[in-house]
Amino acid sequence: VVVLFVVVLAAIGNLLPRTRPNVAVGVRTERTLANAQVWQRGHRAAGYATVGLGLVIAATGLMLTHERMGAVISAAAVCAAMTVFVSYRRHARA
């Protein structure tokens, strides 16, 4: 199950930078929908963060015990979310 989840995260992370502004998939805010460059930069950061999160989950599943997995994966998810948020804020101001 962990391996399948990592593959899904990597696939999503790989597809995010390729999406175009739309109303169905992605980080849909007024700024990202209005400016294709903000959309592209934000989703590129989201793609890297998603693939990175998948790699952390894979490494955690292979190396850590069940008791420690939750804390490491939660911390990695928070870091990934903050990376996307900071990237969005930086590019949305420009």
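Here are some questions and answers about this protein, which is a predicted model.

Me: How many helices and how many strands does the protein have?
Reply: Let's walk along the chain first. Starting at the N terminus, the elements go α-α-α-α. That fits the tally for the secondary structure, which is zero strands and four helices.

Me: What does the C-alpha trace of the protein span along its principal axes?
Reply: We're talking about the trace of a protein with 94 residues. Along the principal axes, that C-alpha trace spans about 45 × 20 × 15 Å.

Me: What percentage of the residues count as buried?
Reply: The cut-off to keep in mind is that buried means under 20% relative accessible area. Leu53 in helix α3 is one residue that passes, because its relative accessible area is 17%. Out of the 94 residues of the protein, the share counting as buried is 27%.

Me: Is Leu4 buried or exposed?
Reply: Leu4 sits in helix α1, which covers residues 2-15. To count as exposed, a residue needs over 50% relative accessible area. Leu4 has 61% relative accessibility, so the label is exposed.

Me: How far apart are the C-alpha atoms of Leu4 and Ala58?
Reply: Along the chain, these two are 54 residues apart. In space, the separation between their C-alpha atoms is 9.9 Å.

Me: Which residues make the nonpolar surface patch of about 420 Å²?
Reply: Take Val72 as a starting point: this residue lies in helix α4, residues 66-93. A patch residue needs over 30% relative accessible area, and Val72 is partly exposed because its relative accessibility is 33%. The full patch is made by Val72, Leu62, Met63 and Leu64.

Me: How many cavities of 30 Å³ or more are there, and what volume does the largest cavity have?
Reply: Here's the idea behind the search: rolling a probe the size of a water molecule over the atoms shows where empty space is left. In this protein, the count of cavities of 30 Å³ or more comes to one. The largest cavity has a volume of about 40 Å³.

Me: Which element gives the most to the lining of the largest cavity?
Reply: The lining is made up of Val27, Thr32, Val38, Trp39, Gly42, His43, Val84 and Tyr88. Two elements give two or more residues to this lining, namely α4 and α3 (36-63). With four residues, the one that gives the most is α3.

Me: How many residues of that lining are nonpolar, polar and charged?
Reply: Val27 and Trp39 are among the lining residues, and Val and Trp count as nonpolar. Gly42 is in the lining as well, and Gly counts as polar. The whole lining divides into five nonpolar, three polar and no charged.

Me: Why does Arg41 count as partly exposed, and how far is Arg41 from Ser87 in space?
Reply: Arg41 has its place in helix α3. Partly exposed is the band between under 20% and over 50%, and Arg41 falls in that band because its relative accessible area is 37%. Arg41 and Ser87 are 46 residues apart in sequence, while their C-alpha to C-alpha distance is 7.6 Å.

Me: How far apart in space are Leu53 and Val78?
Reply: Leu53 is the buried residue of helix α3 we met earlier. In sequence, Leu53 and Val78 are 25 residues apart. C-alpha to C-alpha, the distance is 9.7 Å.

Me: What separates the C-alpha atoms of Ala81 and Thr50?
Reply: Ala81 lies in helix α4, and this residue counts as partly exposed because its relative accessibility is 46%. Along the chain, Ala81 and Thr50 are 31 residues apart. Their C-alpha atoms are separated by 9.0 Å.

Methods
Residues numbered from 1 in each chain as written. Predicted model: local features only at pLDDT ≥ 70, side-chain atom pairs only at ≥ 80, totals over all residues. Heavy atoms only, no water. Patch = residues over 30% accessible without salt bridge, like charges linked within 9 Å, V, L, I, M, F, W, Y side chains within 5 Å. Areas by Shrake-Rupley, 256 points an atom, 1.4 Å probe, with all protein chains shown as cover. Salt bridge = Lys/Arg side-chain N within 4 Å of Asp/Glu carboxyl O. Buried < 20%, exposed > 50% of the residue type's maximum accessible area, 1.4 Å probe, protein only. 1 Å grid on protein atoms, 1.4 Å probe; cavity = no way out; pocket = protein on both sides within 12 Å on 5 of 7 lines; lining within 4 Å. Points joined across faces, edges and corners; volume = space filled by probe spheres on them.
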